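Hi everyone, thanks for coming. Today I'd like to walk you through one structure and the ligand that comes with it. Let's put it up on the screen.

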Amino acid sequence: MDKIDFRSDTVTWPTPAMREAMARAQVGDDVYGEDPTVNELEALAAAKTGKEAGLFVASGTMGNLTAILTHAGRGDQAIVGEDAHTYRYEAGGMAALGGIMPCPLPTDETGQMDVAAVESAVSPNDPHFPHTRLILLENSYGAKNGYPLPPTYFQAIRTVAERHQLSIHLDGARLFNAAVAQNIPVTEITRHVDSVSFCLSKGLCAPVGSVLCGTAEFIQRARRIRKILGGGMRQAGVLAAAGIIALNSMIERLSDDHTNARILAEGLARIPGIIIQPERVKTNIIFFELAAEVPMTADEVVNTLRQKANIWLSATNSRQFRAVTHYWVGQPEVNLLLETLAEILR
Ligand SMILES: *Cc1c(COP(=O)(O)O)cnc(C)c1O
């Protein structure tokens, strides 16, 4: 039996339609700009996000790093949420490879930085200070249950950025989850940012890749940075072919993942020994905890779930779990998780 994997939406296998398209993909050398399938994916991604051009990259981390290195240089400062993926979970790439200094700010329960605090963090024009160059945003906000942040937040940050001539990069790893959850076009969010990258390889089910989008001039410079990072790929059309299917047919169905996440969260709330605020679950990410009276650790619960039913969950600390819904876990799998967990905690 295949494992039932709630650890992340990165575990999604490519769909049968993707595998077929990959096998048939027309390819060329993409470093020469000659892979027609990559070119098609980049144009499609640009159109979807309302930007002039796109750049296919190997991962979300590479998309963000490429963007950051294109926007800012050594000694520059980037304002970023203290629990943002670009700050916490990308191995310090902006500092390690760019000499860029992050300025982390607190975020609220939805992942928003205080707009006035962002403005206060911008350095004055004084040689004591690093030159503030960039604001890094994220949507949906992974560390806050994948909260889908509204366009009004982006507009407010945009106003600050314009006042101080800063660029904005959006880490939109789950951008389409954010748009679908709010029932708005993705461009309502992306129109307020200079560049955006999103993952094809999470809920959209493609096996590999992200796309970075921005102005044609920005993407031309980003292409050079991608080459520096070793990300110039050759016959990458076999990968891009899956990405085209992801963008054409996997976006609308993300609402199913959100419905399943909500059902899972509400079911978890009914299990004695589990602490969760189901109303915080708006997309496909669910954090929940063990109540103090439960004698097991999160790791022990995770191991028992695996042994009993081949269900995989992430333990994020000794009392906390993360579950993520996606294409390959539907309502039967959600129900099995709820039943098995209730049995374990009884
Ligand atoms: C997954 C993720 C990334 C990075 O994507 P990888 O493809 O794993 O490198 C960046 N930002 C957020 C918010 C993510 O969830």
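**The ligand and its surroundings**

Start with helix H3, residues 60-71: with 3 residues, H3 gives the largest share of the shell around the ligand. Before I go further, please keep in mind that this is a predicted model.

So who else is in that shell? The residues around the ligand include Ser59, Gly60, Thr61 and Asn64, and further along the chain you'll find His85, Glu90 and Glu138. Then come Asp171, Ala173, Arg174, Cys199 and Lys202, also around the ligand. If you sort the shell by class, you get 2 nonpolar, 5 polar and 5 charged residues.

Now zoom in on some contacts. A ligand nitrogen is 2.6 Å from a side-chain N or O atom of Asp171. With His85, there's again a ligand nitrogen and a side-chain N or O atom, and here the distance is 3.4 Å. Gly60 joins in through its backbone: a polar atom there is 2.8 Å from an oxygen of the ligand. How much of the ligand's accessible area does the protein cover? On its own the ligand has 380 Å² of it, and the protein covers 83%.

**The pocket**

Where does the ligand sit? In the largest pocket. That pocket has a volume of about 490 Å³, and 28 residues line it. Nearest the centre of the pocket are His85, Tyr89, Gly142, Arg174 and Arg322. You've met two of those names already: His85 and Arg174 are also among the residues around the ligand.

Our helix H3 turns up again here, with the largest share of the pocket lining, 3 residues. Strand E10, residues 285-290, is another element that supplies at least two lining residues. By class, the lining has 7 nonpolar, 14 polar and 7 charged residues.

**One loop to look at**

Last stop: the loop between strand E5, residues 131-138, and helix H7, residues 151-163, where you'll find Ser140. Look at the peptide bond that runs from Asn139 to Ser140: this bond is cis, with omega near -5 degrees. Asn145 is in the loop between E5 and H7 too. Asn145 isn't a glycine, yet its phi is positive, near 55 degrees. Why point these out? Because most residues other than glycine have a negative phi, and most peptide bonds are trans.

That's it from me, thanks for listening!

Note on methods:
Residues numbered from 1 in each chain as written. Predicted model: local features only at pLDDT ≥ 70, side-chain atom pairs only at ≥ 80, totals over all residues. Heavy atoms only, no water. Near = heavy atom within 4 Å. Polar contact = N/O pair within 3.5 Å; in protein donor to acceptor, adjacent residues only side chain to side chain. Areas by Shrake-Rupley, 256 points an atom, 1.4 Å probe, with all protein chains shown as cover. 1 Å grid on protein atoms, 1.4 Å probe; cavity = no way out; pocket = protein on both sides within 12 Å on 5 of 7 lines; lining within 4 Å. Sits in = over half its atoms within 2 Å of the grid points. Helix = DSSP H or I, 4+ residues; strand = E, 2+ residues; numbered from the N terminus. Nonpolar A, V, L, I, M, F, W, Y, C, P; charged D, E, K, R; others polar. Points joined across faces, edges and corners; volume = space filled by probe spheres on them.
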